[in-house]
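Student: Can we go through this one together? I'd like to see how the terms fit what's on screen.
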Amino acid sequence: MLPSVLLTVLCLGIASPAPHVDVGLNSLWSQWMATHGKLYDVDEEIGRRAVWEKNVKMIDKHNQEYNLGNHSFTMAMNAFGDLTNEELRQVMNGFQKQKYRKEKVFQEHPLAEIPPSVDWREKGYVTPVKDQGPCGSCWAFSAVGALEGQMFRKTGKLVSLSEQNLMDCSGPQGNGGCSGGVMDYAFQYVLDNRGLDAEESYPYHGADEPCKYKAEYSAANVTGFYDIPAQEKDLEVTVANMGPISVAIDASALTFLFYQQGIYYDPNCSSQKLGHAVVVVGYGFEGEESDNNKYWIIKNSWGTDWGMNGYMKIAKDQNNHCGIASVASYPVV
């Protein structure tokens with residue numbers, strides 16, 4: 001068994017409020033506040049504006065460097081632009097320590113060919129992008145995303161499943177709702193409970209609440225789950241054979257937070273300090289296939305305004321970038 005990965009609190013460095021503002025950004029600031037429905041009192045706005053300005057200038061500098069060919073992805077301001085350290089931790093930290101993992105390796109048939117690209121969205125395996133809000137529930141969204149795909153694979157019907165059900169009811173398995181959790185513990189809950197409700201009957205509220213599971217609304221079940229060895233090749237084989245897969249990644253860098261499009265690669269992204277959970281829904285390459293233009297397609301849970309309508313292309317076959325293959329698993333239905 002592979003050793004589990006300990007998730008540490010990610011403290012993003014945000015500068016202290018500046019005493020002055022860049023008046024040249026006044027119009028852009030007003031537009032951003034209106035777009036994202038931001039309302040502040042006078043004192044709060046000073047601090048929020050300072051954080052936002054710092055990020056605007058960081059994003060502009062990155063994109064100028066992109067235009068010079070120094071980066072493989074662009075960045076853009078989004079709803080996270082004014083968040084404090086504590087608020088960012090709520091969004092970024094949802095994946096926790098896992099004691100044991102049980103691995104399954106897919107054995108490739110000698111004559112089988114793993115396709116160079118796979119996108120399970122095109123096959124009907126993936127529900128629309130969701131939004132976890134200011135709650136460390138990424139683990140529930142990741143687990144649900146993998147289970148939704150496996151249920152579609154079995155039944156041919158795509159049903160949105162309930163993250164809130166997992167948040168409220170899987171405490172005995174080791175999960176902590178908005179305080180974080182583990183996808184395998186979520187799968188274990190569904191196994192123990194013999195069911196998981198549909199989103200429609202158990203909607204997401206983004207807060208810890210009493211368990212309200214009702215068996216008559218159950219839309220999924222599992223018979224077990226498997227952990228994939230921490231190798232990108234094993235993850236590729238499993239994604240190609242099985243469908244969307246739950247993974248944990250390092251999402252602590254501001255480059256990740258403000259990702260817009262392109263293949264994400266940040267040399268500071270860790271393959272060990274994993275704090276966020278997402279779903280791998282495919283992989284591919286841009287242009288001619290080479291080691292530098294391959295990517296994983298990940299479905300995030302930060303709404304459609306983030307990234308590529310809620311998705312990201314993250315560097316593939318580049319030393320397990322951001323830990324994409326370090327803690328990968330899927331349920332058996």
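Student: What makes S8 mostly covered?

Tutor: Nine of the 10 residues in S8 are buried. Buried means under 20% relative accessible area, with exposed over 50% and partly exposed in between (1.4 Å probe, protein chains only). Keep in mind that this is a predicted model, where local features need pLDDT of at least 70, side-chain atom pairs count only at pLDDT 80 or more, and totals for chains, interfaces and linings use all residues. Residues are numbered from 1 along each chain as its sequence is written, and side-chain values use heavy atoms, leaving out hydrogens and water.

Student: Why is S8 called a strand?

Tutor: Strands are DSSP runs of E with at least two residues, numbered from the N terminus. S8 covers residues 276-285, so it fits that definition.

Student: How do you know that S6 and S8 pair?

Tutor: Two strands pair if DSSP finds at least two bridges between them. Five bridges join S6 (residues 245-249) to S8, running antiparallel, so they count as paired. Within S8, valine 280 sits opposite isoleucine 245.

Student: And what about S9 and S8, how many bridges are there?

Tutor: Six, again in the antiparallel sense. Here glycine 282 faces isoleucine 297 of S9.

Student: What makes the 51 residues a nonpolar core?

Tutor: A nonpolar core is a set of buried Ala, Val, Leu, Ile, Met, Phe, Trp, Tyr and Cys residues joined through side-chain atoms within 4.5 Å. The largest such core has 51 residues, including Leu235, Val247 and Trp302. Strand S8 gives the largest share of this core, five residues.

Terms used:
Helix = DSSP H or I, 4+ residues; strand = E, 2+ residues; numbered from the N terminus.
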